[in-house]
Amino acid sequence: MEKDIIIYYDSEFIKKFEELKIMLDAEDKPKLYEFLLKEFHFIFKLNQCYWKQIAENNGRDFLEADKEIQQELMRPLSYRQYRMIERSFSRYLEEEGFVLWSIWDFLHDNGRIYQKKAMSAAEVGGCSMILENVYSLLGRTKRNGS
């Protein structure tokens, strides 16, 4: 499988992930929006690629990855990650800013990000859903000027 089709939790990704926490702490929503588009939008695009491959019954690229990465790609979501997806849809929590943090919490997965080698297909899909909700919230904030 092409290296750019698999999202590795390598030092480059972890650096961007840790920058995300700094951006969230800063609470500068316009800058956060731009940062997410620049540094994390590829996850949303890759999710579309995965679904297209599944629809075309073309998973040969996944089979060409080594066994360890194949296992990582098939890893299911943790219970906590399911809760983060749910939280990103919550209108009540949106008021408190938890929707924005759901992207970091989802990826962090209670510290498990530092033990993982690659983002699983389930994580790519879940992260894409959360990103869509975060983009929506930030887009509304941008339009409303707050």
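Good morning. I begin at a single residue: helix α8 is followed by D109, whose phi is positive, near 50°. The structure that we shall discuss is a predicted model, and D109 offers a convenient way into it.

What kind of residue carries this positive phi of about 50°? D109 is not a glycine. Its place is in the loop between α8 and α9, the latter spanning 121–144. Is D109 buried or exposed? Its relative accessible area is 2%, and because buried means under 20%, D109 counts as buried.

Let us set beside D109 a second residue, E27. E27 also is not a glycine, and its phi is positive, about 55°. E27 lies in the loop between α1 and α2. Its relative accessible area, however, is 68%. The limit for an exposed residue is over 50%, so E27 is exposed. In short, D109 is buried, whereas E27 is exposed.

I turn now to the chain as a whole. How many helices and how many strands does the chain have? There are 9 helices and 0 strands. Read from the N terminus, the elements therefore appear in the order α-α-α-α-α-α-α-α-α. The chain has 146 residues, of which 49% count as buried. About 8600 Å² of the chain is exposed, and carbon and sulfur atoms supply 53% of that area. Consider next the contacts between residues at least 6 apart in sequence: 75% of them join residues at least 24 apart.

One pair of residues illustrates such a separation along the chain. L37 and L131 are 94 residues apart in sequence, yet their C-alpha atoms are separated by 9.5 Å. L37 is found in helix α2. With a relative accessible area of 33%, L37 is partly exposed.

We come to the packing of the helices. Two packed helices are described by the angle between their axes and the distance between the axes. I shall take three pairs, and two of them involve α8.

Helix α8 comprises residues 98–108, and 9 of its 11 residues are buried, which leaves the helix mostly covered. Which residues of α8 are buried? They are V99, L100, S102, I103, W104, D105, F106, L107 and H108.

The first partner of α8 is α1. The axes of these two helices come within 10 Å and cross at roughly 150°. Angles over 145 degrees count as roughly antiparallel, and α1 and α8 are therefore roughly antiparallel to each other. Their crossing is left-handed. On the side of α1, the contact is made by F13, F17, L20, K21, L24 and D25; on the side of α8, by L100, W101, I103, W104, L107 and H108. By type, these residues divide into 9 nonpolar, 1 polar and 2 charged.

The second partner of α8 is helix α6, residues 79–88. The axes of α6 and α8 come within 8 Å and cross at roughly 155°. That angle makes α6 roughly antiparallel to α8. Here, too, the crossing is left-handed. Which residues meet in this pair? From α6 come R80, Q81, M84, I85, R87 and S88, and from α8 come F98, V99, W101, S102, D105 and F106. The contact of α6 with α8 divides into 6 nonpolar, 3 polar and 3 charged residues.

It is useful to compare the two lists for α8. L100, I103, W104, L107 and H108 are among the residues that α8 brings to α1, while V99, S102, D105 and F106 are among those that it brings to α6. W101 is named in the contact with α1 and in the contact with α6. For the spacing within such lists, one general point helps: an α-helix has 3.6 residues a turn, so residues three or four places apart point the same way.

The third pair joins α1, residues 11–26, to α2, residues 29–39. These helices pack at an angle of about 165°, with their axes 10 Å apart. They are therefore roughly antiparallel to each other. α1 passes α2 in a left-handed crossing. K16, E19, L20, M23 and L24 of α1 make the contact with K31, L32, F35, L36 and E39 of α2. These residues divide into 6 nonpolar, no polar and 4 charged.

L20 and L24 deserve a final remark. In α1, both belong to the contact with α2, and both belong to the contact with α8. Thank you for your attention.

Technical notes. Residues numbered from 1 in each chain as written. Predicted model: local features only at pLDDT ≥ 70, side-chain atom pairs only at ≥ 80, totals over all residues. Heavy atoms only, no water. Helix = DSSP H or I, 4+ residues; strand = E, 2+ residues; numbered from the N terminus. Buried < 20%, exposed > 50% of the residue type's maximum accessible area, 1.4 Å probe, protein only. Contact = heavy atoms within 4.5 Å. Areas by Shrake-Rupley, 256 points an atom, 1.4 Å probe, with all protein chains shown as cover. Axes fitted to C-alpha atoms, helices over the stretch in contact; angles between N-to-C directions. Parallel < 35°, antiparallel > 145°, perpendicular 65-115°, else oblique. Left-handed = near helix turned anticlockwise from the far one by under 90°. Nonpolar A, V, L, I, M, F, W, Y, C, P; charged D, E, K, R; others polar.
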